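Please read the following report alongside the coordinates, with attention to the strands, the helices and the nonpolar interior.

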Amino acid sequence: MKINHGFSYRGMHLDVSRNFMPFNFLKKYIDLLALYKFNYFHWHLTDGAGWRLEIKQYPELTQKAAWRTHMLWKDWWNNGRQYVDQGSPNASGGYYTQDQARELVAYAEKRGITIIPEIEMPGHSEEVLAVYPELSCTGKPYTQGEFCLGNEKTYQFLKNVLDEVLAIFPSQYIHIGGDEADKSHWKNCPKCQALMQKDSLKSEDELQSYAIKQMDEYLQSKGRKLIGWDEILQGGLSEGATVMSWRGEEGGIQAANAGHDVIMTPGGYLYFDGYQTDPRTQPEAIGGYLPLEKVYSYNPIPEELPEDKRKHILGAQANIWTEYIPNFQQVEYMAFPRALALSEVVWTDQENRSWKDFQKRLQQQYKILQKLEVNYYRPSYNVINKVEFDSAQVKNTVILSSEQFIPNIKYTIDGSEPNGGSTVYNLPIELSKSAVIKAASFIDSTRVSPVETIELDLHKAIGKEVKYNIPWEGYPAQGNRTLTNGDQRNTYLSGWSMARIHQGYRYRG
């Protein structure tokens with residue numbers, strides 16, 4: 001068996017801007033990361049929803065930019081997005097003092113964890129520009145979220161902030177964000193356009209690249225390394241900068257091929273703010289679907305990356321953005337046990353990983369998480385069904401499961417409600433007739449889940465030829481056979497579109 005060496009970068013992230021998290025919880029979070037052998041904590045300290053780190057040279061960052069009108073991010077976002085002075089009746093938010101930040105750095109260091117601070121630039125900076133509007137292109141508060149890159153005061157401000165950050169955080173890496181900047185203000189800003197003309201910058205992408213390089217050179221002069229989201233590739237990137245690839249793996253592949261180090265954080269596998277089970281059963285989240293098994297399946301090294309470039313993949317990190325995570329209990333719920341799956345991803349080569357073995361070992365970890373009073377996501381008892389249709393034999397095979405390690409599912413095939421005496425599910429159910437299967441999870445004879453209903457319809461039209469008087473346009477599925485092949489998975493025609501077919505309309509999917 002191949003020896004597992006693990007990746008050098010094994011990270012977890014936490015956004016404390018969208019919703020401020022108590023300082024004591026951050027210590028608990030560090031403890032949990034150390035328990036599962038992560039070695040980096042990416043601390044997202046600033047964003048439009050609130051500035052969270054004391055900067056002594058710019059007191060208004062914590063006197064006002066750290067406080068907003070509404071406690072919940074969603075309420076604030078939908079109601080004016082205003083900041084208020086600390087101490088005002090509706091002020092909600094908070095910040096960490098420099099002493100607290102130093103304390104957390106030392107706390108993490110003792111546990112083998114490096115804290116990487118993130119100071120967002122040039123975008124996601126609405127809170128800064130609300131209190132220091134002279135750093136925006138318009139010169140007015142609440143008009144944009146991007147720094148004016150043609151203004152020398154912007155660079156002086158950012159360097160002054162970084163000086164205080166560097167004095168607190170000894171991390172080799174300093175994260176500058178660099179994502180999702182709206183470049184429209186730069187196009188209409190005389191200062192930005194003058195800088196572009198002076199330095200022969202051909203586009204606003206190159207203007208952003210100019211700004212990133214200024215920060216990179218400054219950090220390198222202080223013996224540090226710049227790290228940013230994959231948008232920092234736009235317009236070119238200076239040698240030595242590291243890329244976090246979040247918009248899929250494409251940015252990471254591009255960066256590695258260009259000789260840059262990369263940390264993989266693709267949203268489809270490592271954004272822990274998405275749903276981990278049926279959204280109908282969960283608190284509101286930002287969207288997406290990322291169950292535990294999918295996290296476990298991730299391979300940080302893309303197959304298409306040439307062998308000689310794979311050394312640039314330093315590791316992987318999960319990101320927890322808190323727009324819809326209002327408190328630390330919900331952070332725990334979204335992070336665990338998915339963080340355990342990521343821990344194994346960054347420690348164990350994919351060919352040596354087994355989902356079933358991981359699932360078995362996970363059962364003991366639940367006991368540890370309970371002892372540590374972690375509000376982790378509990379595996380659902382809800383029954384999940386998968387129906388496979390064999391058109392040759394005109395037969396349905398129904399596979400039942402749940403998120404339980406060893407589920408106890410009972411079912412009926414006559415449409416009656418399952419009870420303690422119903423048939424225990426052990427093997428896939430094969431049926432060559434129409435039926436209504438109802439299934440649920442049980443502990444002994446007591447039902448502990450909703451009833452899952454699966455309707456199987458083996459009708460007389462299966463296998464028969466279909467002709468359309470008007471040529472079909474849109475999603476093809478299995479062509480003319482889609483409506484009569486007995487496979488409901490490929491029938492994506494709603495009642496709305498079927499009505500229009502019968503009325504002679506051509507539906508475009």
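The paragraphs below treat the barrel, one of its strands, one helix and the nonpolar cores in turn.

This is a predicted model, in which local features need pLDDT of at least 70 and side-chain atom pairs count only at pLDDT 80 or more, while totals for chains, interfaces and linings use all residues. Residues are numbered from 1 along each chain as its sequence is written, and side-chain values use heavy atoms, with hydrogens and water left out.

**Barrel.** Helices (H or I, at least four residues) and strands (E, at least two) are DSSP runs numbered from the N terminus, and two strands pair if DSSP finds at least two bridges between them. In the order β1-β2-β7-β8-β9-β10-β11-β12, 8 strands close into a barrel with parallel pairing, and the twist from one strand to the next averages 30 degrees, where axes are lines fitted to C-alpha atoms, for helices over the stretch in contact, and angles run from 0 to 180 degrees between N-to-C directions. Helix α1 (residues 23–35) packs on the sheet and touches β1 and β2 (40–44), its direction making about 160 degrees with that of β1; contact here means heavy atoms within 4.5 Å.

Three of the parallel pairings are listed here.

| Strands | Bridges | Opposed residues |
|---|---|---|
| β1 (residues 9–15) and β12 (residues 313–318) | 4 bridges | Arg10 and Ala316 |
| β8 (residues 173–177) and β9 | 3 bridges | Ile174 and Leu226 |
| β9 and β10 (residues 242–245) | 3 bridges | Gly228 and Val243 |

Strand β9 (residues 225–229) is mostly covered, since 4 of its 5 residues are buried, a term that means under 20% relative accessible area, with exposed over 50% and partly exposed in between (1.4 Å probe, protein chains only).

**Helix α4.** The 13 residues of helix α4 (residues 98–110) should span 18 Å at 1.5 Å a residue, and its end C-alpha atoms are 19 Å apart, which agrees; the expected span is 1.5 Å times one less than the number of residues. Gln98, Ala101, Leu104, Val105, Tyr107 and Ala108 are buried in α4, and the buried residues of this helix pack against α1, β2, β7 (114–121) and α6. After α4 comes Gly112, with a positive phi near 75 degrees.

**Nonpolar cores.** A nonpolar core is a set of buried Ala, Val, Leu, Ile, Met, Phe, Trp, Tyr and Cys residues joined through side-chain atoms within 4.5 Å. The largest one has 109 residues, of which Met12, Trp43 and Leu342 touch the most other members, and helix α6 (residues 152–168) gives the most to this core, with 8 residues. Apart from this core lies another of 13 residues, including Val398, Tyr411, Ala435 and Ala439. Leaving aside neighbours within four places in sequence, the contacts of Trp43 include Leu14, Tyr96, Ala101, Leu104 and Phe169.
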